[in-house]
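Reader: Please take one part of this model and describe it closely, in connected prose, with the cut-offs behind each term that you use.

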Amino acid sequence: MYYIKDIMTANPLTLTPYNSIKDARTLMDKANIRHIPILSDKKELIGIVARKEVLRASVSIFANLDKETRDRIDAGIPLIEIMVPKVLAVEADTAVTIAAAMLVESKVGCLPVLEDGKKLSGIVTAIDFLRFTLSLVGRLQKPSL
């Protein structure tokens, strides 16, 4: 049996609710990620921000504003304003099949991985499930002659 701890990304990049939309966009672009867990001052998971929330709340490039002005506006909007506070999460010892079903049924793009229901230890995304599926399929397929 495979567990989330086998496919998750441990120690994911995080931000606080007081970081800005600009901070999230910069981190997502630099790290090539689409989801950022939001942690409280006590390092407990309190929400998540996905790229779609950042894009939805950012000033459009089609607005009649220069990049510096758009960035200044985005820097003034804290993530607490756009984060999703009710987060579906799993524990590291959750079976991959159960977590995958949760992801499909809830139509979310990731599941934070918690220890003791509070401390963030990792994140598992739809991409992690695809990588896992590819590795399984690769092992099942026989090379052609």
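**A ring pair and the sheet**

Author: Tyr2 counts as partly exposed because its relative accessibility is 37%, and Phe132, at 12%, counts as buried (buried is under 20% relative accessible area, exposed over 50%, and partly exposed in between, with a 1.4 Å probe and protein chains only). The model is predicted, so local features need pLDDT of at least 70 and side-chain atom pairs count only at pLDDT 80 or more, while totals for chains, interfaces and linings use all residues. Residues are numbered from 1 along each chain as its sequence is written, and side-chain values use heavy atoms, with hydrogens and water left out.

A search of the whole structure finds one aromatic pair (rings of Phe, Tyr and Trp, the last by its six-membered ring, pair if their centres lie within 6.5 Å; planes under 30 degrees apart are stacked, over 60 edge-to-face, and the rest tilted). Tyr2 and Phe132 form this pair, which is edge-to-face, with 4.9 Å from centre to centre and 70 degrees between the planes. Because Tyr2 lies in the segment before helix H1 (4–7) and Phe132 in helix H6 (residues 126–140), the pair ties together parts that are 130 residues apart in sequence; helices (H or I, at least four residues) and strands (E, at least two) are DSSP runs, numbered from the N terminus.

From H6 we turn to the sheet, which is open, has four strands in the order S1-S6-S5-S4, and shows mixed pairing (two strands pair if DSSP finds at least two bridges between them). Strand S1 (9–10) and S4 stand at the edges with a single partner strand each, so one side of each is left without a neighbour in the sheet. S1 and S6 run antiparallel and are joined by two bridges, with Ala10 having Gly122 in S6 as its bridge partner. Helix H5 (residues 96–106) packs on the sheet, where it touches S4 and S5, and its direction makes about 135 degrees with that of S5; H6 also packs on the sheet, touching S1 and S6, at about 60 degrees to the direction of S6. Contact here means heavy atoms within 4.5 Å, and axes are lines fitted to C-alpha atoms, for helices over the stretch in contact, with angles from 0 to 180 degrees between N-to-C directions.

S5 (residues 110–115) is mostly covered, with five of its six residues buried, and pairs in the antiparallel sense over six bridges with S6 (residues 119–125), Leu111 standing opposite Val124.
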